[in-house]
Amino acid sequence: MKIQQVKINFVRLPLEEPLVGAPPMPGMLREFFTVQILTDDGIEGIGITTFGGKLIRTLKTALDEFGELIKGEDPLRTEQVVAKLRAASAPCGPGGVAALATAAIDIALWDIRGKVFGVPLARLLGGLRDRVPAYASGALTRTTPTDKLERAAAALVEKGYRQIKAQMAVGGLNAAQEVERIRLIRDAVGPETNLLVDINQRWGVHEAISIGRRIEELGLGWLEDPTTCDDYQGLAKIADALATPICAGEYLYGIEPHRQTLTHHSVDIAMIDLLRVGGVTQWMKVAGMIEAFNRPVASHLLPEIHVHLTAAVPNGLVVEYMPWTWRLFENPPVPEKGEIAVPTGAGLGLKFASDLFDKYGVG
Ligand SMILES: [Mg+2]
């Protein structure tokens with residue numbers, strides 16, 4: 001089997017928050033590249049990639065160049081294809097655009113492999129289970145007004161979520177006001193709900209320990225990215241000082257930085273971003289490394305694909321359900337009662353929505 005054609009499309013989806021029923025925000029968009037790899041025996045594999053910011057079109061260039069490079073290659077030789085892309089982009093890699101472009105191609109190759117063997121990706125990778133816990137993410141942000149927090153948090157619990165995430169590190173608030181916001185959410189969702197908090201790298205180490213101690217009594221499931229992602233020693237200090245588990249890893253590119261977080265004991269729960277790590281091939285390697293360090297792994301974004309990976313590995317803890325990508329697909333898996341089921345079709349079990357390119361495509 002050979003790779004015959006690689007199609008790249010650029011789509012812009014409306015920015016919306018369907019978890020709590022917020023309408024699309026006028027003029028606000030999220031951008032994605034879709035990849036379709038066609039083989040000479042008629043199998044098509046799909047992948048996606050993205051990042052925000054001004055350099056987005058450089059990612060299109062990288063995908064076009066990589067697409068040309070892999071024509072004629074055997075799509076089942078994932079490592080060989082990835083090695084070719086790594087060598088081609090070595091002068092500007094291994095992270096950034098090179099990793100994000102590689103990820104989309106790698107995901108599509110695994111989709112092809114699943115279709116060749118006629119099984120869902122989760123089963124191809126180990127198939128530990130068919131459903132995984134999912135948490136609601138993106139509805140309780142630092143821009144949510146304080147007087148709207150309780151109702152939004154309660155709405156998530158009413159939808160069946162047993163795990164929800166909120167953001168702290170709100171600009172302009174003092175520590176006491178920050179703590180009060182999280183206390184309001186805890187009171188609204190009750191003690192049974194696993195409440196997770198994301199800082200998105202906005203605190204210093206001492207601030208994280210100080211505020212972290214003030215919220216210990218709220219029994220959080222984790223405190224995510226309390227400080228800069230590559231301050232491995234700083235994260236370790238925070239993890240050591242707090243009983244609340246520290247979760248981090250979504251900002252890291254490739255495999256090596258995850259080795260740093262593990263050997264420095266910077267994280268209690270490791271998070272992997274499927275795109276930044278470089279795709280399915282590298283995600284599975286990092287998950288195995290995390291398992292060897294006796295830690296669970298959580299996913300970042302792309303729940304429709306991460307459900308396969310989390311279901312495949314023994315230390316898969318939970319899928320982040322952030323509904324940014326569901327519109328890309330014809331039949332996206334969505335959580336029910338706080339769990340998300342692995343799609344049953346071969347490979348990713350996903351198809352791009354039939355109106356995706358007509359409705360949201362950018363020329
Ligand atoms: Mg995060």
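So, burial first: 47% of the 363 residues in this chain count as buried. Keep in mind that we're looking at a predicted model.

How does the chain fit the picture of a compact globule? With 363 residues, such a globule would have a radius of gyration near 21 Å, and the chain comes out at 20 Å, which agrees. If you prefer to think in box dimensions, the C-alpha trace spans about 60 × 45 × 40 Å along its principal axes. Inside that box there are 13 helices and 13 strands. And if you take the contacts with a separation of 6 or more, 69% of them come from residues 24 or more positions apart.

Now, the domains. The chain divides into domain 1, which is 3-118 + 354-362, and domain 2, which is 122-341. Their centres, taken over C-alpha atoms, are separated by 24 Å. Where they meet, 27 residues of domain 1 are in contact with 22 residues of domain 2. On the domain 1 side, the elements giving two or more residues are β2 (29-39), β3 (44-49), α2 (78-88) and α3. The biggest giver there is α3, with 11 residues. By class, that side of domain 1 has 15 nonpolar, 7 polar and 5 charged residues.

That brings me to the core. As a general point, nonpolar side chains in soluble globular proteins tend to be buried together. Here, the largest nonpolar core has 108 residues, and those touching the most other members are V35, A101, A104 and I164. Helix α3, residues 96-117, gives the most to this core, with 13 residues. Why does the core lie between the two domains? Because domain 1 and domain 2 both give residues to it.

Let's zoom in on V35. Leaving aside neighbours within four places in sequence, V35 is in contact with V6, I8, I46, G47, I48, L63, A104, I105 and A108.

Last stop, strand β10, residues 297-300. Which way do its residues point? V297 and S299 go one way, A298 and H300 go the other, and all are buried. In a regular strand, side chains do alternate between the two faces of the sheet. Strand β10 pairs in the parallel sense with β9, residues 269-273, over 4 bridges. It also runs parallel to β11, residues 316-321, joined by 2 bridges. A nice residue to click on is A298: it is the bridge partner of M271, and it stands opposite V318 in β11.

Thanks, everyone, and I'm happy to take questions.

How values were computed:
Residues numbered from 1 in each chain as written. Predicted model: local features only at pLDDT ≥ 70, side-chain atom pairs only at ≥ 80, totals over all residues. Core = buried A, V, L, I, M, F, W, Y, C linked by C-beta atoms within 7 Å. Buried ≥ 20, exposed ≤ 12 C-beta atoms within 10 Å, placed from the backbone. Domains from an automatic or database assignment. Contact = placed C-beta atoms within 7 Å. Nonpolar A, V, L, I, M, F, W, Y, C, P; charged D, E, K, R; others polar. Rg over C-alpha atoms; globule rule 2.2 N^0.38 Å. Pairing = 2+ DSSP bridges.
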